[in-house]
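This report looks at the enclosed spaces and the nonpolar packing of one protein. The structure comes first, followed by the cavities and then the cores.

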Amino acid sequence: MTSFLTEAAGAATDVFMGLFGYNRENFRNDRSQRLLMEMQLQEMKLEQVGLWRDDVRDLMKLTPRKMEIYLLVIALELNATATALCKARVPPGTPAWLSSCHTMAVCSALMYLTLALWFGLHAFVSAQAYKVRILTQVVRLPVPSWRAIEASRTYCSSFEKMKRSQMLRVPIVEGSQESHAQKAAAAAVDAGADRGGDRLGGDAREAVSADPWGLERSGRLIPELQPGVNSTHVERQQHIWHIREAARFYQTYDAFCRVSMSAGTSSLASFFAFFCLSYVLTENAAPVAAWAGMLAFTSIGVILLGNDLKLHRRQFIQALILLVSAPVLCSVVTFVSSKNYGNPGHWEWLMPIALFMKGAWYVYYVYLFKVREMQTGAVLPFAFRNVLYVDAFGWAKHTMNFLQRTTSRATILNSIPIIVSNRRRRQTEREERAVLQRVATTPVAGDQEAPPVLVQ
């Protein structure tokens with residue numbers, strides 16, 4: 001009898017040690033795989049955030065690169081305008097009304113090009129400043145801290161803290177380790193719901209643990225690893241929202257730099273059209289050459305009008321009449337005046353109409369801009385939408401509700417003050433303190449601290 005009990009105790013001890021060693025070996029193997037996964041996860045997160053930082057550079061580099069080209073063209077046209085204003089003197093005997101058209105066109109070109117220069121400089125500097133701000137304060141590389149690195153390491157003594165059912169689990173008979181971990185997670189969620197409400201959402205039971213031992217949280221809330229993060233849901237990324245939010249501070253200047261450059265070029269072409277009349281027709285008495293030059297430079301304004309603005313047929317015809325009528329009427333009166341030795345007769349009454357049509361053209365040109373406020377808050381001339389190229393994600397929605405659906409409230413509270421006014425920043429800070437105080441005073445399911453590496 002004694003030998004039987006001895007053999008039974010030895011067999012039970014062998015079974016006990018076999019189950020204990022089997023489960024401990026599985027634990028050690030799972031922990032080593034977890035360490036490799038953590039290292040690979042950090043590399044993937046660094047690579048993904050590196051792509052996001054490249055997105056910030058590429059999207060916010062669009063405006064400075066455009067401004068470099070615009071400012072070069074604007075500088076060349078300003079040089080030509082200043083030269084014309086100083087040296088392109090009208091010959092003696094030029095009628096006063098023709099000199100008025102001549103001067104009004106060159107001064108308009110100078111005004112528009114100066115505005116374009118100022119708008120372009122502001123857009124260039126502002127885009128660079130906000131790019132630096134986003135790269136240094138919002139989209140940062142997720143370099144792991146010492147606490148995260150330490151949490152990714154597991155000591156063998158941690159196996160002793162497992163439940164008996166996990167340390168001595170009989171393979172196949174008692175189910176998998178995952179089933180034991182899910183039971184413990186469900187009990188923790190139920191206890192948390194009884195104490196303070198289920199704040200983890202409907203997927204809490206599946207999101208509490210992601211390993212067979214119940215030591216890791218699920219990583220599916222990590223923004224760098226979301227499905228479609230680099231394909232179908234690019235416009236929903238938080239860094240895209242910040243880029244578009246910052247762009248409202250310089251997109252308006254970018255757009256109106258392009259508009260002012262177009263208006264300045266059109267006014268400069270009008271100046272050369274009037275200069276052909278005042279110099280070639282009055283001084284050289286060459287009506288054919290003067291009319292050809294006038295039509296050539298006027299057609300430049302017509303081409304700019306048709307290519308830059310998206311207009312209805314009726315609007316284009318009205319703008320065309322206002323643009324062409326002034327140089328054509330001036331051409332007729334100047335031809336009659338030069339033919340009659342400086343006396344246009346009753347034809348001179350056409351000049352007030354020509355000057356009025358020129359002024360009406362500038363007023364109607366501004367009316368055609370169709371200035372609207374976009375979702376991002378930028379004020380843009382809608383009629384120039386085909387040539388602005390200011391927002392690569394202009395087709396996507398941009399609202400605060402849209403951001404709240406894609407990120408957590410805590411992330412919004414930490415990121416919004418970067419690009420808002422001081423008044424709004426103080427209001428947001430008060431809201432943030434209230435949220436943190438409410439969270440700190442609310443009981444949480446479980447008192448132990450969770451591993452920080454996979455928690456977002």
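On a 1 Å grid over the protein atoms alone, a cavity is a set of points where a 1.4 Å probe fits but cannot get out, and its lining residues have an atom within 4 Å of a point. The model is predicted, so that local features need pLDDT of at least 70 and side-chain atom pairs count only at pLDDT 80 or more, while totals for chains, interfaces and linings use all residues. Residues are numbered from 1 along each chain as its sequence is written, and side-chain values use heavy atoms, with hydrogens and water left out.

A search of the whole structure finds three cavities of 30 Å³ or more, a volume being the space filled by probe spheres set on the points, which are joined across faces, edges and corners.

| Cavity | Volume | Lining residues, including |
|---|---|---|
| Largest | about 120 Å³ | Leu59, Arg244, Tyr250, Asp391 |
| Second largest | about 60 Å³ | Ser266, Ala273, Phe297, Lys358 |

To the lining of the second largest cavity, H8 gives the most, with five residues.

The largest nonpolar core (buried Ala, Val, Leu, Ile, Met, Phe, Trp, Tyr and Cys residues joined through side-chain atoms within 4.5 Å, buried meaning under 20% relative accessible area with a 1.4 Å probe, protein chains only) has 36 residues, of which Ile74, Leu309, Trp361, Tyr365 and Phe384 touch the most other members. H8 supplies the largest share of this core, six residues. A second, separate core of 21 residues includes Ala273 and Leu277.

How values were computed
Buried < 20%, exposed > 50% of the residue type's maximum accessible area, 1.4 Å probe, protein only. Helix = DSSP H or I, 4+ residues; strand = E, 2+ residues; numbered from the N terminus. 1 Å grid on protein atoms, 1.4 Å probe; cavity = no way out; pocket = protein on both sides within 12 Å on 5 of 7 lines; lining within 4 Å.
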